[in-house]
Amino acid sequence: MSSSPDGHDGHDRHGRSDRRDDRFEDLAGELVALGESLNESLRDQAPPPSAVARAVRARIERERAEADGRAPASGRRRPPFWRRRLTISRRRLAVALAVVLAVLLGATPQGRAAVTSVLRFAGVEIHVGGPGPLPTGLPSPLPGERRVTLGEAREAARFPVAVPSALGEPRDVRIADGARVVTLLWPGIRLDEYDGTLTVVFHKELGPPWPDEVPEVGGWWIRQPHALSYVPASGGEARDERVAGPTLIWQRGMVGLRLEGPDLPEALRIARSAH
Amino acid sequence: MDDDEAIARSLAGDLDAYEALVARYSAVAHRTARLLGAGDEAEDVVQEAFVKAFRHLAAFRRESAFKPWLLRIVANETHNLTRARGRRADLGARLGLEREPYGPEGQEEPEEIAVAADGRARLLDAVRRLPDREREAVVCRYFLQLSEAETAEVLGVRLGTVKSRTFRGLRRLREEVSDELLA
C-alpha cells in the first residue's frame, strides 16, 4: 500500500493509457503541490504536539478518575493552556454526583458558525460563547410559584433546605414547580435551591468570559449579567428568560444552589454558612 | 518505540506511551480536521478524536496501520461537527481557510500568499467548490497524500468509491481550471 499520491493511475487494469488520464497526472501534481503549500500554513496554526498530547492525557485521566468514582470535586476540563475555550466533547458524562462538566458543540441561536461551550454543573447548564443576553426580561414567577413559610417549604421539598446562617431567616420563601425549587429571598439577595443532581433545572446563556471556578465551595462564579431561564420538571422548552446578575453556583450534597445578588466575597461567606 | 509497541503499552494502561502516540500523529490529525472542514474547531476535534481513539483502542486491529484508523475518527468527528453546525459550511471554511485571528485586519491570509503566485488560488477555489464527497476524496488523496486504500478507510467507503469520486472530482477540476494555468 503506497502512501504516496500517484494521481490517477493513468493506466487502467488492461494496461491502456489514455490522454485524459495523462492530463489528470498534471492536475494531480498541481494538487499535491497546492496541498503542500496549504500544509505549511496549517502547520503554523496547529497547537504544539506535546500540548495536544498533554491535554488528551489529562482528559483520559479525568475520565478514569470518574470511572473510579474518586473524581475530585472541581478542576475538571480546564482549558488547555494555549486557548481559553474549553475542549469539546459530545459525550455527555454520566451525572451521578457532584460536578459534571461536559463541553459540547452547539450553535448560536442565530445559526452563526460559533462554538458554544456548555458547562453543566449542579443542575445548571451554562452556555458560553454567544453574544450574551439582551438587556431585557423581567423576573417572572417560576411555574406554580407560591409563597410559603420556611417550615412549609421544608415539608414540601424532597431535599433538605439550607438556610445560610450569615443571612438569617429569609424575608420571603417561595416554592415552585411541585416544590422542585425552593427560593429564599432577602433584600437584594436570591437563593434558589433545587434537586440539582440529575437534570438541568436552570439554563444560562452568557458571553465570555468563562465562569470562574470557585474551589472554596466547589462551585462556579458567573461574574457578568447573563440570560437565565428555567427548565420545567415536565420537560420541554426552557421558559422565558430573564437577565440574572452575578451568580454563585454550587452544590451541597444532592442539592444545587444558585445565589444571586451579592459580590463574590459576600457570596462565598454566605455559601459557607449554608447548612 | 514504534506504533505497535506504543499501542500495546497504551492498552496496558501506559499513558506515557499514548501521549507519545498522540504527539506523533497530532499534526496530521490537525491537518486532516482542517482540510475536511473543521475550521477553527480543528483543535477540539483533534483532542476529541484522540480521546475516542484511546477509548476504542482495543478495537483497533493491530496488524493494520494506526494513521488511517485514527484519521477516520478525526473525519467522523469533523462530520459530526459540521452537522452540529446545522449548515453546509461555506467551502472556504470547509477547507479550513477562513480568516485567522492572528495578523492585522486586511492582511492577506498566509495560504493565499503561498498560493497566489502561480495561479493555484484558482485551483484551490475550484477544489472548494467541488461537491462534498468528491472534495473529500481529492483532499485525502492529494492534499493529505493518502493512498486510495487509506482514503477508503478514512472516509469509510469502498476502494472503488474512492476511485470514482476522485476521478469525478479531477474531471470537474479539469473542466474548471484551464490548461495554461497548470502548464
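Helix α2 of chain A covers residues 49–67, and its length is a good place to begin in this predicted model. With 19 residues at 1.5 Å a residue, α2(A) should span 27 Å, and its end C-alpha atoms are indeed 27 Å apart, so the expected and computed values agree. Which residues of α2(A) are buried? They are V52(A), A53(A), A55(A), V56(A) and R59(A). These residues cover an arc of only 165° around the axis, which means that they sit on the same side of α2(A). What do the buried residues of α2(A) pack against? Their partners belong to chain B: α2, residues 15–38, and α3, residues 42–55.

Let us follow that contact into chain B. Chain B has 11 helices and zero strands, so reading its elements from the N terminus on gives α-α-α-α-α-α-α-α-α-α-α. It has 183 residues, of which 46% count as buried. If you take the contacts in chain B between residues at least 6 apart in sequence, 64% of them join residues at least 24 apart.

Now look at how the two partner helices are arranged with each other. The axes of α2(B) and α3(B) are 8 Å apart, and the helices pack at an angle of about 130°. They are therefore oblique to each other, and α2(B) passes α3(B) in a right-handed crossing. On the α2(B) side, the contact is made by Y18(B), V22(B), S26(B), A29(B), H30(B), A33(B), R34(B) and A38(B). On the α3(B) side, A42(B), V45(B), V46(B), A49(B), F50(B) and F54(B) take part.

Helix α3(B) deserves a visit of its own. Its 14 residues should span 20 Å at 1.5 Å a residue, and the end C-alpha atoms are 20 Å apart, in agreement. Is α3(B) largely enclosed or largely open? Because 12 of its 14 residues are buried, α3(B) is largely enclosed by the rest of the structure. The buried residues include A42(B), V45(B), V46(B), A49(B), F50(B) and F54(B), and these residues also meet α2(B) in the contact described above. Charged side chains are on the list too, with E43(B), D44(B) and E48(B) among the buried residues of α3(B), as are Q47(B), V51(B) and A53(B).

Further along chain B comes another helix pair. Helix α8(B), residues 132–143, and α9(B) have axes that come within 9 Å and cross at roughly 135°. That angle makes α8(B) oblique to α9(B), and the crossing is right-handed. Here E136(B), A137(B), C140(B) and R141(B) in α8(B) meet T151(B), V154(B) and L155(B) in α9(B).

How many of the eight residues of α9(B) are buried? Seven are, and this helix, residues 148–155, is mostly covered. The buried residues are E148(B), E150(B), T151(B), A152(B), E153(B), V154(B) and L155(B). Among them are T151(B), V154(B) and L155(B), the residues through which α9(B) meets α8(B). Just after α9(B) comes G156(B), whose phi is positive, near 70°.

Back in chain A, the make-up includes both kinds of element: four helices and 13 strands. Of its 275 residues, 36% count as buried. For contacts in chain A between residues at least 6 apart in sequence, 52% join residues at least 24 apart.

Two residues show what these figures look like locally. L257(A) lies in strand β13, residues 255–260. It is buried, because 26 other C-beta atoms lie within 10 Å and the cut-off for burial is 20 or more. Leaving aside neighbours within four places in sequence, L257(A) is in contact with L191(A), D192(A), E193(A), W250(A), Q251(A), R252(A) and A274(A). Its C-alpha atom is 10.0 Å from that of V161(A), although L257(A) and V161(A) are 96 residues apart in sequence.

P232(A) is found in the loop between β10 (226–230) and β11 (242–244). Is P232(A) buried or partly exposed? With 17 other C-beta atoms within 10 Å, P232(A) is partly exposed. The C-alpha atoms of P232(A) and R180(A) are separated by 9.2 Å, and the two residues are 52 residues apart along the chain.

Note on methods
Residues numbered from 1 in each chain as written. Chains lettered and ligands numbered in written order. Predicted model: local features only at pLDDT ≥ 70, side-chain atom pairs only at ≥ 80, totals over all residues. Expected span 1.5 Å × (residues − 1). Arc of directions from axis to C-beta. Contact = placed C-beta atoms within 7 Å. Axes fitted to C-alpha atoms, helices over the stretch in contact; angles between N-to-C directions. Parallel < 35°, antiparallel > 145°, perpendicular 65-115°, else oblique. Left-handed = near helix turned anticlockwise from the far one by under 90°.
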